[in-house]
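Colleague: I should be grateful for a close look at the nonpolar core of this model. Please describe how it is built and how it sits within the rest of the chain.

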Amino acid sequence: MATAARKTSTSKSSSSRSRRGASASSIASTGTPVIKTPRPEEFDKEAELHAFREMLLIRRFEEKAGQLYGMGLIGGFCHLYIGQEAVVVGMQMALKEGDQVITGYRDHGHMLATGMDARGVMAELTGRRSGYSKGKGGSMHMFSKEKHFYGGHGIVGAQVPLGTGLALANSYRGNDHVSLTYFGDGAANQGQVYESFNMASLWKLPVVYIIENNRYAMGTSVSRSSAETNFAHRGLSFKIPGIQVDGMDVRAVKAAGEMAVDWCRSGKGPIILEMQTYRYRGHSMSDPAKYRTKDEVQKMRSEHDPIEQVRQRLLKKKWASEDDLKAEDKKVREVVTDAADFAQADPEPDASELYTDILL
Ligand SMILES: Cc1ncc(C[n+]2csc(CCOP(=O)(O)OP(=O)(O)O)c2C)c(N)n1
Ligand SMILES: [Mg+2]
């Protein structure tokens, strides 16, 4: 994927990189530790099946959310995560209980990966009373303290200082929990990101900054919006190391995730993981995605799909048959159908809830 992403990015991005001469030696001269992207380890059967089920759950859930949106059952914004599943599933495989997750508005995958209930997420999307925010938050505003998921934020980049704050709290309390703070390539150009980087590095806070570079911010490609398209280098001025990771390969994500959380837990401070990924759908449900070709999307789907990669390995190693995998898919579809049925049967919040849980 890294190679494919490079090849299809515009010449401007690669030439600007070489103009700046961001080689390993020039990075070392800034005093920022130089770290290497870890080589992914092979998964055993259990890990492959786990990754397959988890990614498939997100894919099927998002497809259903897209359908319900089309039927007018989901109001407001709805940003689907289809294509990016390996990022959150691989990272989650590297965590331990108590580690926190925070992200932006493309958040349903993160919620499911942290173990939040599909019924509660779908009920929130449809604005029903059993939703995680009692039907008053919708797609972009859901939280689960039990699962250590801190949202769900609609303001681009706003989760970055908040995620850094979670890390500050961990540090202050003296626990060994790590904050996983996810944001996009577009959000990476926000000023508050760099204020956060400065404090996180200065105070050696345990935060993994995960930049989900899906190559677009709404309709703008990274090469049109970003002077430095190597997002792993975005922390250099703050002595925060970073690596680029094939975000379509769940094994590569897990290996990078394990390295990064170990880095944080051992008191070395923040670290950046640039996940090179791709969203198959438009920015949100209302985006016809005319800024890229169908061929570009098709190429990613057919050559780099994260779920298909795992499927092929399971088949090749004879750890599962086509029938076994169809049965897994059926089970996942049942969970999603159940969530959608539940959400549609669940009542809307009572009018008396209009002013509860609101800061006035
Ligand atoms: C502060 C702010 N500016 C602009 C917007 C409008 N907006 C919503 S999403 C988005 C693009 C962000 O892209 P990226 O960070 O790459 O995340 P992705 O959607 O690709 O996951 C913009 C500009 C916003 N919500 N908040
Ligand atoms: Mg993006």
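Modeller: The largest nonpolar core of this predicted model comprises 83 residues, and those that touch the most other members are Met 55, Leu 112, Val 121, Val 208, Ile 210, Val 253 and Leu 273. Helix α4 supplies the largest share of this core, with nine residues. Nonpolar side chains tend to be buried together in soluble globular proteins.

Helix α4 itself runs over residues 45-70. Its 26 residues should span 38 Å at 1.5 Å a residue, and the end C-alpha atoms are 37 Å apart, so the expected and computed values agree. An α-helix has 3.6 residues a turn, so residues three or four places apart point the same way. After α4 comes Gly 72, whose phi is positive, near 80 degrees.

Leu 112 merits separate attention as one of the core residues that touch the most other members. Leaving aside residues up to four places away in sequence, Leu 112 touches Leu 57, Ile 58, Phe 61, Ala 118 and Val 121. Among these partners, Val 121 is also listed with Leu 112 among the core members that touch the most others.

Val 208 and Ile 210 have likewise been named for their contacts in the core. Strand β3 covers residues 207-213, and the loop between α9 (191-202) and β3 holds Lys 204. Although not a glycine, Lys 204 has a positive phi of about 50 degrees. Its surroundings contain 14 other C-beta atoms within 10 Å; a buried residue would need 20 or more, so Lys 204 is partly exposed.

A second non-glycine residue with a positive phi of about 50 degrees is Met 218, in the loop between β4 (216-217) and β5 (220-221). Met 218 has 13 other C-beta atoms within 10 Å and is therefore partly exposed.

The ligand site offers a further point of reference. Ligand 1 is surrounded by 13 residues, the closest being Val 156, Gly 184, Gly 186, Ala 187 and Ala 217. The shell consists of six nonpolar, five polar and two charged residues.

As for the whole chain, the protein contains 14 helices and seven strands, and 48% of its 360 residues count as buried. Of the contacts with a separation of 6 or more, 77% are between residues 24 or more positions apart. The C-alpha trace spans about 60 × 55 × 40 Å along its principal axes. A compact globule of 360 residues would have a radius of gyration near 21 Å, and the protein chain has 20 Å, so the chain agrees with that expectation.

Definitions and conventions. Residues are numbered from 1 along each chain as its sequence is written. Chains are lettered from A and ligands numbered from 1 in the order in which they are written. This is a predicted model: local features need pLDDT of at least 70, side-chain atom pairs count only at pLDDT 80 or more; totals for chains, interfaces and linings use all residues. Helices (H or I, at least four residues) and strands (E, at least two) are DSSP runs, numbered from the N terminus. The expected span of a helix is 1.5 Å times one less than its number of residues. A residue is near a molecule or strand if its C-beta atom, placed from the backbone, lies within 6 Å of it. Ala, Val, Leu, Ile, Met, Phe, Trp, Tyr, Cys and Pro count as nonpolar, Asp, Glu, Lys and Arg as charged, and the others, Gly among them, as polar. A nonpolar core is a set of buried Ala, Val, Leu, Ile, Met, Phe, Trp, Tyr and Cys residues joined through C-beta atoms within 7 Å. A residue is buried if 20 or more other C-beta atoms lie within 10 Å of its own, exposed if 12 or fewer, and partly exposed in between; C-beta atoms are placed from the backbone. Two residues are in contact if their C-beta atoms, placed from the backbone, lie within 7 Å. The radius of gyration is taken over C-alpha atoms; the globule rule is 2.2 Å times the number of residues to the power 0.38.
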